[in-house]
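Trainee: I'm new to this structure and would like to go through it slowly. Could we look at it together, and could you explain the terms as they come up?

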Amino acid sequence: MKESITFTVLSPCIGAYVNNVDLSRPLSDSQFEQLYHGLLRYQVLFLQKQPITPIQQRTLAARFGDLYIHPLYPHAEEVKEIIVIDTDQDNPPDNDNWHTDVTFIDTPPAIAVLASKLLPEKGGDTLWVSNIAAYDALSEKIKQLLQGLKAEHDFKKSFPEYKYCRTEKEHKRWKKAAEKNLPVQHPVIRTHPVNKRKALFVNEGFTTRLLGLTIKESDVLLDFLFAHINKPEFQVRWRWQKNDVVIWDNRVTQHYANADYYPDRRIMHRATVLGDVPFES
């Protein structure tokens, strides 16, 4: 296996295909460093024909940092760090909106590793957007307006109680998660802790309001930011094939999982790497 990793750029501002990597084997230190620097540069990395097991996926993700265990999603057998996202028309997804994973905690994930296991015959694409590109495209006046603002992120926005009342056990698990994950505050503009790039850090999945503004002011400004982030110019779209693996920098991206494949079923495995406290410099 070649030590040198190469990248094929997929869009002007986000996304690259990774060449010369076999994730079924442990990466050398050199390979991992190249992969990590590619992630910092391209924000989302796409790898094809990678039939990794949950244990191999956990091992790969753990090289980036400590792993997060989701309070609601089921996990792979004997590998609690790998969540299983198994969706169909009877169990529709909760991620068919633009969101950054798990921003409802004080240290939102830095990186995620997603592997496709069962795919619909057609549909089920995922899109990623660069929050760096979205921030850079704002006018200086809007950047000044957002500077210093904080936003509230709430677990219950994407995980409302009514969706988790099918059984007593499920409802009990939801209540426990809700009690442990009270709303948190993060800066609207986030500085990447490594490359120091600035990015928007609000998302439709979890952001509920901007602090220090009236409700109407907050709603108007958030609606503008959500629409702005959604521009195709900031995006890359991935049409999944079985055993694809995608790694993304969760600190400066958002993604949207299309729910257009019913009555087919879609199964994905995700590992989530904990990050640090967001800051604006």
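Mentor: Let us begin with a term: a disulfide is counted here when a pair of cysteine sulfur atoms lies within 2.5 Å. Before we apply it, note that this is a predicted model, in which local features need pLDDT of at least 70 and side-chain atom pairs count only at pLDDT 80 or more, while totals for chains, interfaces and linings use all residues. Residues are numbered from 1 along each chain as its sequence is written, and side-chain values use heavy atoms, with hydrogens and water left out.

Trainee: OK, so how many disulfides does the structure hold?

Mentor: The structure holds zero disulfides.

Trainee: And C13, is that buried, partly exposed or exposed?

Mentor: C13 counts as partly exposed, because its relative accessibility is 22%. Buried means under 20% relative accessible area and exposed means over 50%, with partly exposed in between, using a 1.4 Å probe and protein chains only. C165 also counts as partly exposed, at 42% relative accessibility.

Trainee: Let's switch to the sheets. What is the strand order in the open sheet of eight strands?

Mentor: The order is β1-β2-β3-β14-β6-β16-β5-β4, and the pairing is mixed. The edge strands are β1 (6–9) and β4, each of which pairs on one side only. Strands here are DSSP runs of E with at least two residues, helices are runs of H or I with at least four residues, and both are numbered from the N terminus. Two strands pair if DSSP finds at least two bridges between them.

Trainee: How does β4 pair with β5?

Mentor: Strand β4, which covers residues 75–76, pairs with β5 in the antiparallel sense over two bridges, and the bridge partner of A76 in β5 is V79. The hairpin of β4 and β5 has two residues between the strands, and E78 takes a positive phi near 65° there.

Trainee: And what about β5 itself, mostly covered or mostly open?

Mentor: Strand β5 (residues 79–87) is mostly covered, since seven of its nine residues are buried. Six bridges join β5 to β16, and these two strands run antiparallel; I85 stands opposite M268 in β16.

Trainee: There's also a sheet of three strands, right? What is its order?

Mentor: That open sheet has the order β9-β8-β12, with antiparallel pairing. Its edge strands are β9 (184–187) and β12 (207–210), each pairing on one side only. Strand β8 (residues 150–153) pairs with β9 over four bridges in the antiparallel sense, and E152 stands opposite Q185 in β9.

Trainee: Now the empty spaces. What separates a cavity from a pocket?

Mentor: On a 1 Å grid over the protein atoms alone, a cavity is a set of points where a 1.4 Å probe fits but cannot get out, whereas a pocket is an open set with protein on both sides within 12 Å along at least five of seven lines; lining residues have an atom within 4 Å of a point. Grid points are joined across faces, edges and corners, and a volume is the space filled by probe spheres set on the points.

Trainee: How many cavities of 30 Å³ or more does that give?

Mentor: The count comes to one, and about 200 Å³ of space lies in the largest cavity. The largest cavity is lined by 19 residues, and N95, H99, D101, H255 and R270 lie nearest its centre. Strand β16 gives the most to this lining, with three residues.

Trainee: And which classes of residue make up the lining of the largest cavity?

Mentor: There are nine nonpolar, six polar and four charged residues. Ala, Val, Leu, Ile, Met, Phe, Trp, Tyr, Cys and Pro count as nonpolar, Asp, Glu, Lys and Arg as charged, and the others, Gly among them, as polar.

Trainee: What volume does the largest pocket have?

Mentor: The largest pocket has a volume of about 400 Å³. Of the 18 residues that line the largest pocket, N91, P92, D94, Y164 and R166 are the closest to its centre. Strand β5 gives the most to the lining of the largest pocket, with four residues, and by class this lining has eight nonpolar, three polar and seven charged residues.
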